[in-house]
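Dear colleague,

I am passing on the structure we spoke about, and I would be glad if you could look through it alongside the notes below.

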Amino acid sequence: MSDVLKVEKLDGGVALLTVNRPDKMNALNGEVRCALLGALDELRDDDDVRVVVLTGAGEKAFIAGADIKEFEGKTPAQQHRAMVRGNIYSAMETFPKPVIAMINGYCLGGGCELSMACDIRVASDRARLGQPEINLGIIPGGGGTQRLPRLVGEGRALKLILSGEMVGAEEAGRIGLVDEVVPADQLRERTLELAREMASKGPIALQAAKECVLASRRMPLDEGLKFERGWFALLFSTKDMEEGVDAFLNKREAHFTGE
Ligand code: COA
């Protein structure tokens with residue numbers, strides 16, 4: 001565990017990652033990125049963990065973007081290298097278990113992009129989201145120009161990216177930038193409830209579902225349908241499928257083991 005990232009294993013198969021730089025609005029610096037990559041690497045192989053939740057420490061911010069201090073004096077080549085080596089956004093998106101962003105406050109720039117690389121976003125009604133990079137004379141560099149239009153549509157994405165304006169949680173929910181908005185004092189409880197619900201499902205099916213939905217972004221429909229059928233048939237070889245069907249037919253609760 002590092003000082004800038006708390007990693008907690010909670011009951012019910014859920015791991016909670018908390019970016020821990022509250023005095024800097026949990027801005028993403030190199031140390032945080034490195035710690036996040038390390039944590040994902042460990043959690044990937046940890047069979048006790050079936051779902052990951054990402055949040056920010058304190059009450060003000062989820063993550064207020066990349067650490068702007070680190071931009072000073074960087075050459076284009078240095079910046080490009082840093083972005084390609086250990087891309088936390090891709091690592092989050094391709095992580096084989098569900099990841100939920102628990103958005104507790106400012107969710108800006110790289111923070112908004114990291115939340116979009118998660119599978120699901122649950123936001124406090126006090127959260128504010130946006131892509132303010134244009135105010136710094138740059139553009140989103142963690143996938144914002146690609147993932148935001150896919151989530152909210154091109155017009156809304158361009159409005160956010162070109163104006164740098166923030167939106168409140170309700171508006172973010174209305175346009176599909178977040179999936180659920182809850183009162184701030186219920187954010188943790190509701191997010192963990194959702195995480196535990198998912199963690200009770202079969203891990204191979206969870207991974208398959210995530211891979212198929214992600215594949216829909218890069219595949220034409222006919223190829224995507226073939227990809228889905230492949231996974232569907234493969235799941236018939238799992239003990240989890242036998243367990244799920246047997247549990248349903250015998251009117252009992254299923255216990256999935258990931259085999
Ligand atoms: N990078 C580095 N430091 C950041 C930061 C970032 N992205 N966001 C906030 N901080 C730091 C501030 O510099 C300040 O540090 P200091 O106390 O040493 O001066 C501290 O966090 C608190 O932020 P502050 O601006 O005083 O809080 P606020 O409540 O007035 O405003 C924000 C909060 C989030 C609106 C404001 O900090 C902000 O606009 N941050 C930058 C957002 C951004 O442009 N992100 C995209 C980066 S590419």
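The notes that follow take up the ligand, then the cysteines, and then a hairpin and a loop.

Please keep in mind throughout that this is a predicted model.

Ligand surroundings

Around the ligand there are 15 residues, and those that come nearest are D23, K24, A64, A66 and I68. Sorted by character, the residues of this shell comprise 11 that are nonpolar and 4 that are charged, with no polar ones. For K24, a polar side-chain atom lies 2.3 Å from an oxygen atom of the ligand. With the two alanines the backbone is involved, since a polar backbone atom of A64 is 3.0 Å from a nitrogen atom of the ligand, and a polar backbone atom of A66 is 2.9 Å from a nitrogen atom of the ligand. On its own the ligand has 860 Å² of accessible area, of which the protein covers 59%.

Cysteines

You may wonder how many disulfides a search of the whole structure finds. The search finds 0 disulfides, and the distances around C112 and C118 can be set out one by one. The cysteine sulfur closest to that of C112 belongs to C107 and is 4.6 Å away, which is too far for a bond because a disulfide requires the two sulfur atoms to be within 2.5 Å. C118 is likewise in no disulfide, and its nearest cysteine sulfur, again that of C107, is 9.0 Å away. As to accessibility, C112 has a relative accessible area of 1% and is therefore buried, the cut-off being under 20%, and C118, at 5% relative accessibility, also counts as buried.

Hairpin and loop

Strand β1, residues 5-10, and strand β2, residues 14-19, run antiparallel and are joined by 6 bridges. Within this pairing, L5 has V19 of β2 as its bridge partner. The hairpin that β1 and β2 form has 3 residues between the strands, and there G12 takes a positive phi near 80 degrees.

Further along the chain, G58 lies in the loop between β3 (51-56) and β4 (61-63). Is G58 buried or partly exposed? At 48% relative accessibility, G58 counts as partly exposed. Although G58 and N20 are 38 residues apart in sequence, their C-alpha atoms are 8.1 Å apart in space.

With best wishes

Note on methods
Residues numbered from 1 in each chain as written. Predicted model: local features only at pLDDT ≥ 70, side-chain atom pairs only at ≥ 80, totals over all residues. Heavy atoms only, no water. Buried < 20%, exposed > 50% of the residue type's maximum accessible area, 1.4 Å probe, protein only. Pairing = 2+ DSSP bridges. Helix = DSSP H or I, 4+ residues; strand = E, 2+ residues; numbered from the N terminus. Near = heavy atom within 4 Å. Polar contact = N/O pair within 3.5 Å; in protein donor to acceptor, adjacent residues only side chain to side chain. Areas by Shrake-Rupley, 256 points an atom, 1.4 Å probe, with all protein chains shown as cover. Nonpolar A, V, L, I, M, F, W, Y, C, P; charged D, E, K, R; others polar.
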